[in-house]
Amino acid sequence: MVYTLKDFKYIDSHTHFFSPEMFKSIWNFFEEHKWPISYKLPNDDLIQILKKNHVKAFTTYNYAHKKDLAEEMNEWTNEFVKENLNAIPFGTVWPEDENREEYIEKLFKLYNFQGIKIQPLVQEFYPNDQRMKKIYKIVEKYNKIITWHAGTAPYRNEYVGIKNFQKFLDNFPDMKLIIAHMGAFEYDKFIKLLDKHENMYLDTTMIYIRDNIFPERKIKRPKPEVLLSYQDRILFGSDFPNIPYSYENSLLGLLDLDLSRNFYRDIFYKNAKKLFNLKID
Ligand SMILES: [Zn+2]
């Protein structure tokens, strides 16, 4: 049977929350690059939309795009999660900030952040950048998570791709990691890493969309049998609100695969609940 959206509850492991001013400039940037945003709304409205879609918890991914901005963004996120208790806080870091180690340590020591997000398409540094080494050590020390846009989709620069990422992984093989977009377009290579790295997860963000937003060309999305064999290591994510289609689309494409109830419960909810150690039903 094909399930409907109402048959499940969800934790969205890949949503973005910025201050209204930051959202505005990000949305302008996206739209200048021919990526229309379907949800240019105030944060309270965005949260209501998630609620309406049975999303019980969601991440606050953001990223600094220049020097001396990350600390302020992290402080904003900390305030945001005080108001929105089902938000899962993640921080950002800029490798040139002189106080980067201090402000990252604060996220874990004084605040209850779950980890940091790294976006090399915007932040432009290599995964094994020396300036990041101590940051990684801090994340590891507190047993926190790094979410990484490590793959080459939707476009590539010199900092993404599995070859670069492997150099980081060789130094931090046990780090808790979420690979965004299932490592697209290098799906097979990132999936293979799951066998060796038991703390690594993949998020489904933008991959199983009905209209297939990431062009497949020669490379195909992972097949249902691959998803099933890693069902405890896959997290549902949407990239909400920075998407050019309706939120439901992120879920419906996965439901179209017509897999087991057990599979959907894992990827929609249970895996994320466990990884983020959430105290929700
Ligand atoms: Zn994203």
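Is E75 buried, partly exposed or exposed? At 24% relative accessibility, E75 counts as partly exposed, and this residue is a convenient place to begin a walk through what is a predicted model.

**First stop: E75 and K106**

With E75 still selected, add K106, whose side chain forms a salt bridge with E75, the closest N and O atoms being 2.9 Å apart. The pair links distant parts of the chain, since E75 sits in helix α3 (residues 70–83) and K106 in helix α4 (residues 100–109), 31 residues apart. K106 is also partly exposed, with a relative accessible area of 27%.

**Second stop: from helix α4 to helix α6**

Select E105 and K141 next, where the two side chains meet in a salt bridge of 2.9 Å, N to O. This pair again links distant parts of the chain, with E105 in helix α4 and K141 in helix α6, 36 residues apart. K141 is exposed, its relative accessible area being 56%.

**Third stop: a bridge between loops**

Now select E96 and R131, whose side chains meet in a salt bridge at 3.7 Å, N to O. E96 lies in the loop between β4 (90–91) and α4, and R131 in the loop between α5 (120–123) and α6 (133–141), so the pair ties together parts that are 35 residues apart in sequence. Both are partly exposed, E96 at 41% relative accessible area and R131 at 31%.

Before leaving the salt bridges, of which the structure holds 10, select K67, D68 and E98, which are joined into one network by salt bridges that share partners.

**Fourth stop: the zinc ion**

Select the zinc ion and display its protein donors, which are H14 (NE2), H16 (NE2) and D239 (OD), lying 2.0 to 2.1 Å from the ion. In sequence the donor residues follow the spacing H-x1-H-x222-D. H14 lies in the loop between β1 (10–12) and α1 (20–32), while D239 lies in the loop between β9 (234–235) and α10 (248–255), so this pair ties together parts that are 225 residues apart in sequence. Both of these residues are buried, H14 with a relative accessible area of 1% and D239 with one of 8%.

**Last stop: a charged patch**

Finally, turn to the surface and select K9, K56, R261 and R265, which gather in a patch of positive charge. Within this group, K9 is placed in the segment before β1, and at 34% relative accessibility K9 counts as partly exposed.

Key. Residues numbered from 1 in each chain as written. Predicted model: local features only at pLDDT ≥ 70, side-chain atom pairs only at ≥ 80, totals over all residues. Heavy atoms only, no water. Donors = N, O, S within 2.8 Å, 3.2 Å for Na, K, Ca; no water. Helix = DSSP H or I, 4+ residues; strand = E, 2+ residues; numbered from the N terminus. Buried < 20%, exposed > 50% of the residue type's maximum accessible area, 1.4 Å probe, protein only. Patch = residues over 30% accessible without salt bridge, like charges linked within 9 Å, V, L, I, M, F, W, Y side chains within 5 Å. Areas by Shrake-Rupley, 256 points an atom, 1.4 Å probe, with all protein chains shown as cover. Salt bridge = Lys/Arg side-chain N within 4 Å of Asp/Glu carboxyl O. Lys, Arg positive; Asp, Glu negative; His and termini not counted. Charge placed at Lys NZ, Arg CZ, Asp CG, Glu CD.
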